[in-house]
Amino acid sequence: MQSDPFLTLPPVFLRSHRHHSNKASLSRDLHAATPSLVHTLIQEKNSILSVATDENHIYSGSQSQNISVWDNRTYTLQTQLRGHTGSVLSLKYAPDKRWLFSSSGDSTVRVWCTKGLTPLYVINPFLDTDSGDLFSLAWSPTHSTIYIGCQNTSIQWYNFTNFNVHVEGSPATTGTSTPRRAHKFFDSYPRSQRRSPDLEASNGINTPIRSVDGHVVLTNPPTPRAELHIPPQNVIDSAHYGYVYCMALLPSTREGVTQSMREDILLATGSGDETVKVWKCFPNGLELLSTIECTHGAILSLVTREDIIYAGCQDGYVRVWDLQTNTFIRTIIVQENVDILSLSILGCDLYVCSADGQVKRYSDTFDCTASWSAHSGIVLSSIVTRGADPAGFELITGGNDGAINIWKVHLATVDPSNEVILDAEGHNTCNDILIYALSKFVSIRSVSSSEDYREDCRQAAIWLTKCFAQLGASSKTLYADDAAVHNPIVFACFQGAQTSLRKPRILFYGHYDVISAPPEGWESDPFKLTARNGYLYGRGVADDKGPVLAVACAAADLVRARKLGVDLLFLVEGEEETGSGGFVDANLIGDVDAILVSNSSWIASNVPSITYGLRGVVHCDIEISSRGIKDSHSGIDGGAWDEPMQDMIQVLAGLTDNNRRVLIPGFYDKVRPQDAEEATLFRLLGAVTQRSAASLNARWREPALTIHSVRGSGPRNPTVIPASVTAQVSLRIVPDQVLDAVNVDHTADWWLGDLTHPWFLELERAIHDEWGAEPMRVVKASIPCVPFLEKAFGCPALHLPMGESSGQAHLPNENISLSNLRHGKAVVERFLLAIADSGVVPKARKSEAQTTPIVG
């Protein structure tokens, strides 16, 4: 039976779509004037499935089978174009010929003269009704060709270049007109009628043909001048694996759209198979150029601007694709799980029409500059056109509420009254997507050390996955086999511009988990991003949520500018603060040429730094207990036997001497001696930090032992003798220690970078060029995964610190300078551009296991 998928839906459908959360969206709500309603045209008991305009008229198609023609100055109904026997699913105006094309659920395309408002031709698709509903149309004036998207997944076209039937003069036919055969499905009756299919079966809503004044018209509609048939060579069968819902040409032929400079003609088609396909148009056919996987439900609407394709998806996303680089540059989350049924463009502004009756306007920075309720039902169709005022534009929207609304639109100007945050250099950050995203990221309490925040960690991973996707990356959330124990890992890839040469592949490692943040000592809510005196405060702003987003935004800006010449991969885990226990071997990433990390701070507040080494760390517990003895009272049993607490104190006291040297035998045997170059560096660093070289040596390049806590069993009362005592101890190790003499598990190995590697030097140069100062080479605290990843991928790791030395990571009032965050992002951009331009791609060395750690 004939299908009309966009008819009136029950109210429960609309209610279920109105209250979905949109917390994941990175599109900021910036205040600008909402378009004003100019006029409303009412077609009672109709759903406005399609709209089109010309210089004098507004055309609307519905399930009533007729095309209503309205005067665009007086807004009065002029006439109705009759001829279709099914819903009018698409309308397309061809200004070069002054024709109007209409496609229908009756498996025909009709051509109308807009000058006389009379029928010209009927175009029958190949195989007639086997094509099903004809959902979409696109007209190419260059090739004089109408393209048709069909329910049977085919794309068909008719070329009028050598057409010999003219509008003027007497009616003529092509000589190929044949009666249409009844189709067993599309021309069928309800089973209850037990009738065979025939041409009289109409499965749309059988609205009687009426005149302008509402009276039923009994006469037959005017006869077209010719009936045309699409030849078999003008058909691409199975062009998609789903219905072809929408089409758009590049360059766009729509009014108000910035045009591309390209000379060739491309056709973009969207389908229920979740793909957009791009075809090159020739006078005699189509050639498939690329297939774009959108992965967010059926593609229900398409619009183009210059070389950009916007695809409206079934689940409330708009995917933005750049044809020049063949990469996604952005994903807009409009309203999750609410279908996007129509898109229109005016200049750089994108108008998005949704199934919840809302229309939203997005700027070229993908910010929402207007949002309003345009219809009481579903917005099914839209178009931007010149209004009665030649200098202005109108947005026309059609809904299933029977209304055609006409809105006065113009290029949006953002109200500057938004909250302003200034950095140390006076820059306004209210329009900074990095800060906006960070405010959302910080609000998620992703504390990995507590089971109470397990769900928060999962939500942080989901949010970050969506964040990467909106910024233009392909992304996914990876779960361990024992997901109840380990937090998810987020994997993403910003793909560089497609070339014939192998691009460098850089893996950025970071983490989204944070340590706990008790409110004591904080001057503001640790889980609400707060700006004071040029600094951002909140748990994770420095370690490591701020740097993760800074690197992602750097990649996004390069993608949008068509300058990303590398593939930048992201591996962001959720257990770095608890030892990175969720990593195991899995061969999912492939070769990587370098690992980039940003998870430490400068040596001072005003001196940029680059990290070239990390001390390793071993965490262990020491436990002493009394056999067969329970906790006891010191007033009764004190001095009667050896007490575990006294024994523990003696053991701990014997681990180091009065000069803090570790007394474990052989502990220093394999420590790498300091060479002259490093000694010179430490003297320089001492002068910068006003600390002695000996102090820096003790902090960075010498091993150390730290006692963190001692806990006794039983209640914490001064009269209790604990039967068992546990001490938490850590050992910081340096090159080339392996600790064979100590029976403990390694939790993080030491790491030392290659100071002669060309990409280390490029990163140093990028820091210098951005800050105008030579960066200090420093050694920092342990990051468990850096040496692990470096060994697994067989490639060098590079470490870019962003925060100042006063960043308070792990402490109250954790902060990062706005200037540092923004300059850190710029350093990443410089570095990525440099390694892409240099053409240096060090050969990745395979690890012994030939595997890559991802997630367990």
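Which strands each supply at least two residues of the lining of the second largest pocket? They are β2 (48-53), β6, β10 (134-140), β15 (244-250), β19 (299-305), β23 (340-346) and β27 (379-386). Strands are DSSP runs of E of at least two residues, numbered from the N terminus.

The model is predicted: local features need pLDDT of at least 70 and side-chain atom pairs count only at pLDDT 80 or more, while totals for chains, interfaces and linings use all residues. Residues are numbered from 1 along each chain as its sequence is written, and side-chain values use heavy atoms, with hydrogens and water left out.

**Pocket and cavity**

Within the lining of the second largest pocket, β27 gives the largest share, seven residues. V51, L91, K92, R254 and I383 lie nearest the centre of this pocket. A search of the whole structure also finds seven cavities of 30 Å³ or more. Nearest the centre of the largest cavity are K92, A248, L249, T253 and R254, and β10, β15 and β19 each supply at least two residues of its lining.

| Space | Volume | Lining | Nonpolar | Polar | Charged |
|---|---|---|---|---|---|
| Second largest pocket | about 960 Å³ | 42 residues | 22 residues | twelve residues | eight residues |
| Largest cavity | about 100 Å³ | 13 residues | eight residues | three residues | two residues |

Both kinds of space are found on a 1 Å grid over the protein atoms alone: a cavity is a set of points where a 1.4 Å probe fits but cannot get out, and a pocket is an open set with protein on both sides within 12 Å along at least five of seven lines. Lining residues have an atom within 4 Å of a point. Grid points are joined across faces, edges and corners, and a volume is the space filled by probe spheres set on the points. Ala, Val, Leu, Ile, Met, Phe, Trp, Tyr, Cys and Pro count as nonpolar, Asp, Glu, Lys and Arg as charged, and the others, Gly among them, as polar.

**An open sheet**

Strand β6 also belongs to an open sheet of five strands, in the order β6-β7-β8-β9-β13 with mixed pairing. Its edge strands, β6 (88-94) and β13 (226-229), each pair on one side only. Pairing requires at least two DSSP bridges between two strands. Strands β8 (residues 109-113) and β9 (residues 118-124) are antiparallel and share five bridges; R110 has V122 in β9 as its bridge partner.

**Cysteines**

With a disulfide defined as a pair of cysteine sulfur atoms within 2.5 Å, the count is zero. C246 is in no disulfide, and the nearest cysteine sulfur, that of C313, is 9.2 Å away. C246 is buried (under 20% relative accessible area, 1.4 Å probe, protein chains only), at 6%.

Conventions:
Helix = DSSP H or I, 4+ residues; strand = E, 2+ residues; numbered from the N terminus. Buried < 20%, exposed > 50% of the residue type's maximum accessible area, 1.4 Å probe, protein only.
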